[in-house]
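Please open the structure in your viewer and keep the sequence panel visible, since the tour moves from one selection to the next.

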Amino acid sequence: MEKDAALREQVITEYRGEIEKYMKYIPWLQQKAGTQVSSIYSGENIGAHSVSFPVYDGTLMNFVREMSKSKLMDKNYHYVYTRNHIRTVQDEKKAIAKVTIREMYILNGILTKYVLGGMTKGTLWSTAVTEGIFLDVLLKMREVVEFWDKPLA
């Protein structure tokens, strides 16, 4: 019983301050869920042999930049995926929905896959917004923290 209380207190202390910073992105993520947040640059004087590249929404870039520096990033996120048999977006959504205060690390792993993975595979950022992964993770973090503590600002 004391271990549970200590765990709850530790998780609340660790997560509350960190996720409060990202609550400002929830309305934007709700608005953009299901829509495209990137486009392919097609400026003038681009020749046939030029490489195209994606251009992302500024709010998405701010979110990714801030999140990549946060304590929520878990460089060993691959283990979260293998231990929990997460392979598809549907598996991610199911895992997010089942998370309790004891499994907050799952949310960190999923978030990290998309934030840090998107730095080398650009479609991940767009997928996370379109499929609602970023939104689901933030909402679940808020739900868990608010269940055990007072509401976030």
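How exposed or buried is Lys-93, judged by its relative accessibility? In this predicted model, Lys-93 counts as partly exposed, because its relative accessibility is 28%.

Keep Lys-93 selected and add Asp-136, with which Lys-93 forms a salt bridge whose closest N and O atoms are 2.7 Å apart. Asp-136 belongs to helix α8 and Lys-93 to helix α5, so this pair ties together parts that are 43 residues apart in sequence. Asp-136 is also partly exposed, with a relative accessible area of 23%.

Next, select the whole of helix α8, residues 133–148, which has 16 residues and reaches 23 Å from its first C-alpha to its last, close to the 22 Å expected at 1.5 Å a residue. Colouring α8 by burial will bring out its buried residues, among them Ile-133, Phe-134, Leu-135, Val-144 and Val-145. Lys-140 also counts as buried, at 9% relative accessibility, and yet its side chain meets that of Glu-143 in a salt bridge (3.2 Å, N to O). Glu-143, at 46% relative accessibility, counts as partly exposed; because the two residues are three apart in helix α8, Lys-140 and Glu-143 are separated by about one helical turn.

Return now to helix α5 (residues 89–98) and show it together with helix α6 (residues 104–117): the two pack at an angle of about 145 degrees, with their axes 10 Å apart, and their crossing is left-handed. To see the contact itself, display Val-89, Glu-92, Ala-95 and Ile-96 of α5 against Ile-106, Leu-107, Ile-110, Lys-113 and Tyr-114 of α6. By class, this contact of α5 with α6 has seven nonpolar and two charged residues, with no polar ones.

From there, select Tyr-81, which lies in helix α4 (residues 77–83) and is buried, with a relative accessible area of 10%. Beyond its neighbours within four places in sequence, Tyr-81 is in contact with Ile-86, Glu-92, Gly-109, Ile-110, Lys-113 and Tyr-114. A distance label between the C-alpha atoms of Tyr-81 and Gly-109 should read 7.5 Å, although these residues are 28 apart in sequence.

For the last stop, select Glu-66 and Lys-24, whose side chains meet in one of the six salt bridges that the structure holds, at 3.6 Å from N to O. The pair links distant parts of the chain, with Glu-66 in helix α3 (residues 58–68) and Lys-24 in the loop between α1 and α2, 42 residues apart. Glu-66 counts as partly exposed at 30% relative accessibility, whereas Lys-24, at 55%, counts as exposed.

How values were computed: Residues numbered from 1 in each chain as written. Predicted model: local features only at pLDDT ≥ 70, side-chain atom pairs only at ≥ 80, totals over all residues. Heavy atoms only, no water. Axes fitted to C-alpha atoms, helices over the stretch in contact; angles between N-to-C directions. Helix = DSSP H or I, 4+ residues; strand = E, 2+ residues; numbered from the N terminus. Left-handed = near helix turned anticlockwise from the far one by under 90°. Contact = heavy atoms within 4.5 Å. Nonpolar A, V, L, I, M, F, W, Y, C, P; charged D, E, K, R; others polar. Expected span 1.5 Å × (residues − 1). Buried < 20%, exposed > 50% of the residue type's maximum accessible area, 1.4 Å probe, protein only. Salt bridge = Lys/Arg side-chain N within 4 Å of Asp/Glu carboxyl O.
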